[in-house]
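Colleague: Please take a close look at the strand pairing in this model and describe it in detail. I should also like the burial, contacts and backbone of selected residues to be placed against that picture.

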Amino acid sequence: MTVQGLFSGRAKAAAQISAVPRIAIVGRGFSGMMTAIALMKTVRAPFHLQLFDPNSSVSGGQALASARASTILNTRVRDLSVSVGDSDDFNDWLCSNAAFRAAVPAAIPGFRQIFVPKEIFSDYVYQRFSEALAARRDITVQVCNDPVVAIRLSHGNRFLLESANPANPLFDTVVLATGYGLGDPDAEEPGASPVRAQRLVARPHAVLLGSGIRVVDQLLQLRDSGYAGQVTIISRRGFLPQSHTPNSADPVFPAEALPENLPEIVRFIRQACREAEEEGRSWQSVMNGLRKHARSLWRSLPARDKHQFNRHLRAIYDSHRNRLPEAMHLRLKRELAEGRTVLRRGRAGRRGLSGLFFTPAGSSVEEVIHAERIIDCRCQAPDLSAPLMQSLFSAGLAMPDELSLGLAVNARGEPFLEDGSTVAGLFAVGPLGLGSLPDIDLVPEIVSQAYAAAEHIGERFHPQVRAM
């Protein structure tokens, strides 16, 4: 049944709530839950919220996909608040947590500059969700585990979501919050090649695919669980995450007019980093300041420069913006220096019975890396060929961005059409818009976008509030 202030495991469409606006959120990772929080705190009209996701449990999406309590987020507490306008909300929540205060006494009276386990952040997000829901007795929430395979616009400009449940009602607003895509809950977790491969490998050897935070996290998880074998990291471009500074790197960025073409922008940023370090600051402070200008710089680039950036510079940029806490980075450097972990640049191919086929960078000769364990740690881009995405394109509700990294969207997540217009009531919040909005895969940017979308949705419903 559908209830107020609580989740409903297998809720039925309730006829009595058909008079209030209906909002659907597709995806229950961080982008989806953040949007739900923003809606409940911003939209003052009564509404019915339905959350769609084929996964019965919520992992937090690829960005937070780890069940290990000791896995550390790569963002400081100060940048993880889900309350817009109150950057201390997460810090205040931690300060009120007696168990956490006892475990981390050195940070008292505040925790703004530290890095915390993902599990702690997840607890915080879902507590804030529960509190927002408990405060809204005029809202009903329904959860559906059926995958959404298509979205269509019906007569009356309402949205029909097609899933295994033929009784789905029409929705006034739909928010796509699938992150990098909704996975198949029955699919096997990416990981080891067939068990019989263990007999073909003389020495324990694991291969990790990827170059981001997740590959380092997986490496450290292996070591913490007692794995003593050789580890090979295969990275397409050969870059791994850089380190945060020991203390906060306050954002700085030159105030002069920014250049408008890619080569000049790259030179400008490198010069800014050099000058910052000469003045006793850090290049990390420049990268933090760059985030405030990234979108305007990106919009100014012609399509040719955007493609060039994506091919040659994105891996470098990602390694400097998605940084590791210093302690984790030191462990990574020690692994590489001691030779227990080796970084190889090149392209991973198909898997065989004894390991992985691999083509080194600069070579056309394929070789086999023998391993008893292969773990894919790459964040996959949204699958634009998936039925859900194709339904949007064929119905004229959205289009891919210039680089086909996701959907073309504006700052509040409304998908663009070819003529520059948008479809009222449709939004894509979070990493689905990464090709249009640099850094929209980071928590502060997702929070800001979720509230911007919620405010616009509230404005659409405002006439109904006055009528009531």
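Modeller: Two strands pair if DSSP finds at least two bridges between them. Helices (H or I, at least four residues) and strands (E, at least two) are DSSP runs, numbered from the N terminus. The model is predicted, with local features needing pLDDT of at least 70 and side-chain atom pairs pLDDT 80 or more, while totals for chains, interfaces and linings use all residues. Residues are numbered from 1 along each chain, and side-chain values use heavy atoms, without hydrogens and water.

I begin with the sheet of six strands. This sheet is open, its order is β13-β12-β11-β10-β9-β14, and its pairing is mixed. At its edges stand β13 (367-370) and β14; each has a single partner strand, so one side of each lacks a neighbour in the sheet. Within this order, strand β9 (residues 205-209) runs parallel to strand β10 (residues 230-235), and five bridges join the two. One position can be followed directly on the display: Leu209 stands opposite Ile234 in β10.

The edge strand β14 deserves a second look. It covers residues 373-376, and Asp376 lies in it. Asp376 is buried (under 20% relative accessible area; exposed is over 50%, partly exposed in between; 1.4 Å probe, protein chains only), with a value of 18%. Its side chain makes a polar contact with the side chain of Arg378 at 2.8 Å. Such a contact is a pair of N or O atoms within 3.5 Å, one able to donate a hydrogen and the other to accept it within protein, and residues adjacent in sequence count only if both atoms are side-chain atoms.

A buried side chain with a polar partner is also found in a helix. Asn288 belongs to helix α7 (residues 283-290) and is buried at a relative accessible area of 16%. The side chain of Asn288 contacts the side chain of Arg323, at 2.7 Å.

The second sheet can be read strand by strand. It is open and consists of three strands in the order β5-β6-β7, with antiparallel pairing. Its edge strands are β5 (150-153) and β7 (170-171), each of which pairs on one side only. Four bridges link β5 to β6 in the antiparallel sense, and the bridge partner of Leu153 in β6 is Phe159. These two strands form a hairpin with five residues between them, and Gly156 in the turn has a positive phi of about 85°.

On its other pairing, strand β6 (residues 159-162) is joined to β7 by two bridges, and the two run antiparallel. Phe159 stands opposite Phe171 in β7, while Leu160 stands opposite Leu170 in β7. Phe159 thus appears in two pairings: with Leu153 and with Phe171. The two faces of β6 can also be told apart: Phe159 and Leu161 make up the covered face, whereas Leu160 and Glu162 make up the uncovered one.

Two loop residues have a backbone worth inspecting. Ser404 has a positive phi of about 60° although it is not a glycine. It sits in the loop between α12 (387-394) and β15 (426-428), and Ser404 is partly exposed, with a relative accessible area of 45%. Asp439 likewise has a positive phi without being a glycine, here about 75°. Its place is the loop between β15 and α13 (443-467). Asp439 is buried, with a relative accessible area of 2%. For context, most residues other than glycine have a negative phi.

Some further buried residues complete the selection. Helix α4 (residues 118-134) holds Phe121 and Tyr124, which are three residues apart and therefore separated by about one helical turn. Phe121 is buried at 1% relative accessible area, and Tyr124 is buried at 0%. Two cysteines can be added: Cys144 is buried with a relative accessible area of 5%, and Cys273 is buried with 13%.
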